[in-house]
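Student: I have a model open here and would like to know what stands behind the words used to describe it. Could we go through them together?

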Amino acid sequence: MHWAVQASLAAALQSTQLAAASLIVPQNFTVPGVFPTSVFSEYYNSPTATSAQVQPVISDPVTHKVYPFSLTNPDTIPLENKVDPHILPPVASSSKIYNNALQQIGSIHNNPAFSGNNCARCVAILEVLKFVALAAPERGPDLFVDICNTLKLSSTCEATFGLLGIGSVITQVVANFDAGGFDGQAFCFHFLGGLCPSPGTTPLDLNNWFKKPKPNPPPKAKKRSGKRLKVLHMSDFHIDPRYATSSEANCTGSPCCRKNVFNTASPNITLLPAPRYGAFHCDTPMALGMAALQAIPALTGTQDNGFAWTIYTGDLVSHDPDKQLSRDYVKYVETILYDLFKRMLGTGPVYAALGNHDSYNQAQDAPASLGGALAQQFSWNYDHVADLWKHEKWLPAAAVQLAKRHYAGYMVKRMDGLRVIALNTDMWYRSNYFNYINMTNPDVSGMLRFLTDELQSAEDAGDRVWIIGHVLSGWDGTNPLENPTNLFYQIVDRYSPHVIANIFFGHTHEDQMSIFYANNATVMSAETAQALAWIGPSVTPITNLNSGFRVYEVDSATFEIMEAHTWKSDVSSFPDLDDQTAFGPVYTYEYNTRQTYGKTITSWTPNDPLNATWWHLVTEAMEADPSLVMTFNTFQGKSSVQTKPCTDEFVDRDMMMRFHGGGVGHKSTREATNTFLSDQHKTDQDISITNNEVAMELDSNLDELDEEGDDQEIEGGGEATLTGEEEGYGYEAPMHQELQKSDTDESENNFDDEYSDNGLDDGLGPEDGEDIVEDPEGDWSYAEL
């Protein structure tokens, strides 16, 4: 039975398959050779032609559009579609751009691709900031403040990075710089705690820089006349017209000696009343400024005839934060001090250079290459000082016009064969944000082109040159940028010693010198020493220094310096001068340069100049006699009681390197500096802020950006106490602690790395002597050399 059912089913299946197969009859079909023209009612070409495909006319029953022959014509295939819309997102509001920027920065932080590469992370964030600066520049300062608060870069984010602070400047710079290239890397290195390594020095191409090769053999040296001229060198006056006698001289913020500052350890009781003539943590009160100007003629015997000329190497204005500065404040200070120089110092012109504080915003000067209104935004200052110099009859009309066109830089051709060239060294100052635009070009501003052309003109005429500026090109390497000062070094090499007689700087507030050598300082010897930079002592006592000035005896034919004399006033004695008017500060003769350092240089006669060769011999004498280093260290701080004795071997060697460091871009100085840095004592390394610490701070705070929005409440701005250059200047600890430990405190003051709460740069024009590091035992002192 089972077998019978299976047989029946198989027969049924076979029958069904035969029935299905019969629906299709296998056969062939030959299509007619003529196109069936009846398919379409109309054609663009002949439908019966065999040389081309049929092109019927098609009418769309929905749109009622007849599609043109050009749409399908094989001879006119379009290369691009210019007919249909190509949809783009709507233009974002500045608020949306702002919020998305915050989100993108948070995403960059969380992206594992950036893990372990803080430099890449920093540069990527700068790319976002650049986009905001270009697309919504009005929100740039807001974004900088928001990031500052979130990353805890400062306790005064609004005051520092807001529109009324430096925010507008940073927005301009970020909009114009190469965020993903050299500019961005340098920005992360200098302003963001070293998140990127230094990009180093870009190789120079000098093939077309100099119009003529250096004369070989060199021109015959001029014969000394034997007649000596008295020339005054003043620097860093930093007059404080807001100085308040009896206010807190031991403030937590800075500048001290102001009614609006106090010591947080004693907010209601003044710990150290500001003396009438000044204090170590304060700028120059009017009483001290007048005392210095009264003392100078009396001490130098120039009451009747004045100086042959005076050089002033910058920084007239007090160390106010930007929020307390204005254009009028800067112009007020310029007006009053230049007038006092004229009236108190007698006849003889004053050749002045601008300092980093002689502007608003401080330390900022924009290159002409920005173009338009941005290029002219500081011309108000150049015009003002140039017209003041004209008013005081210090500069001829041609030099006045040069100053207005060249960032207050100029050249004066004197009748005696000397030319004085003044430079605005903000153009190589690391805290001038505008210098971070197109940094691979060592002369974006054109200042060094101007210098080179003027030096060539002097060489052609057989004249000698003094160069004056403010921010030094070398020494400890923290102030200038490498590329422009590398070029400056090569310019000095080209025109020394036959054209450049001397170079003069200020800025550090200290008494220092710096030597320039031939051939990029590959060999540093008495034979290769070519030029010398004299760094003038400051009138201001701020940064734990005494007040001082220097006078040179200058040969009237060669303009070499034959003698140098320095005076100082002991700031620690100023409290004793209060509450009486019988006498004021005493300016005492501190030292004679030749007599102090040249006793063992038997090859030098009293009629030989104190030039670069002599100073190199001094460094050799220092290496043989460490007591000379100690002497230099004492005089460097103008014999301040706050100056710590120099007893460390590393400090001694580093001092020698700084003497030899006319620039920071040339190869030998960079290599030697790196060697010395790697040879620091363990204690020095322990108290340094490292980029790893900065990275940890970023890691702990960037997460907050993911949830930031446009309506975020910003904290920490307004009138909060500044730390760093903007207001603190490193005076964070109560001064009574420093006074109690003055025998161990260091007052070495030429470090320019200004860090805020967590080691990140607040960014405003730091100045030598305004930086401290925290001692492992809790005492605050100045960073060692």
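**Terms and what backs them**

Tutor: Happily, and let us start with a pocket: the lining of the second largest pocket divides into 15 nonpolar, seven polar and eight charged residues. Here Ala, Val, Leu, Ile, Met, Phe, Trp, Tyr, Cys and Pro count as nonpolar, Asp, Glu, Lys and Arg as charged, and the others, Gly among them, as polar. The model is predicted, so local features need pLDDT of at least 70 and side-chain atom pairs pLDDT 80 or more, while totals for chains, interfaces and linings use all residues. Residues are numbered from 1 along each chain as its sequence is written, and side-chain values use heavy atoms, with hydrogens and water left out.

Student: What makes a residue part of the lining of the second largest pocket, and which ones lie nearest its centre?

Tutor: On a 1 Å grid over the protein atoms alone, a pocket is an open set of points with protein on both sides within 12 Å along at least five of seven lines, a cavity is a set where a 1.4 Å probe fits but cannot get out, and lining residues have an atom within 4 Å of a point. This pocket is lined by 30 residues, with Ala221, Arg464, Pro497, His498 and Glu560 nearest its centre. Its space is about 610 Å³; a volume is the space filled by probe spheres set on the points, which are joined across faces, edges and corners. β9 gives the largest share of the lining, four residues.

Student: Why is the contact of Arg224 and Glu560 called a salt bridge?

Tutor: The term asks for a side-chain nitrogen of Lys or Arg within 4 Å of a carboxyl oxygen of Asp or Glu. Arg224 and Glu560 meet at 2.6 Å, N to O, and form a salt bridge. Arg224 lies in the loop between α7 and β1 and Glu560 in the loop between β10 and β11, so the pair ties together parts that are 336 residues apart in sequence. The structure holds 19 salt bridges.

Student: How do you know which strands are the edges of the sheet β4-β5-β6-β7-β9-β8?

Tutor: Helices (H or I, at least four residues) and strands (E, at least two) are DSSP runs, numbered from the N terminus. Two strands pair if DSSP finds at least two bridges between them. This open sheet of six strands has mixed pairing, and β4 (410-413) and β8 (512-517) each pair on one side only, which makes them the edge strands. Six bridges join β8 to the antiparallel β9 (residues 529-535), and Tyr517 stands opposite Ala529 in β9.

Student: What makes you say that α14 packs on the sheet?

Tutor: Contact means heavy atoms within 4.5 Å, and α14 (residues 482-494) touches β6, β7, β8 and β9. The direction of α14 makes about 70 degrees with that of β8; axes are lines fitted to C-alpha atoms, for helices over the stretch in contact, and angles run from 0 to 180 degrees between N-to-C directions.

Student: Which elements give two or more residues to the lining of the second largest cavity?

Tutor: The second largest cavity holds about 160 Å³ of space and is lined by 18 residues, among them Met427, Asn435 and Pro484. The elements giving two or more of them are α13 (447-461) and α14. The lining comprises 12 nonpolar, four polar and two charged residues.
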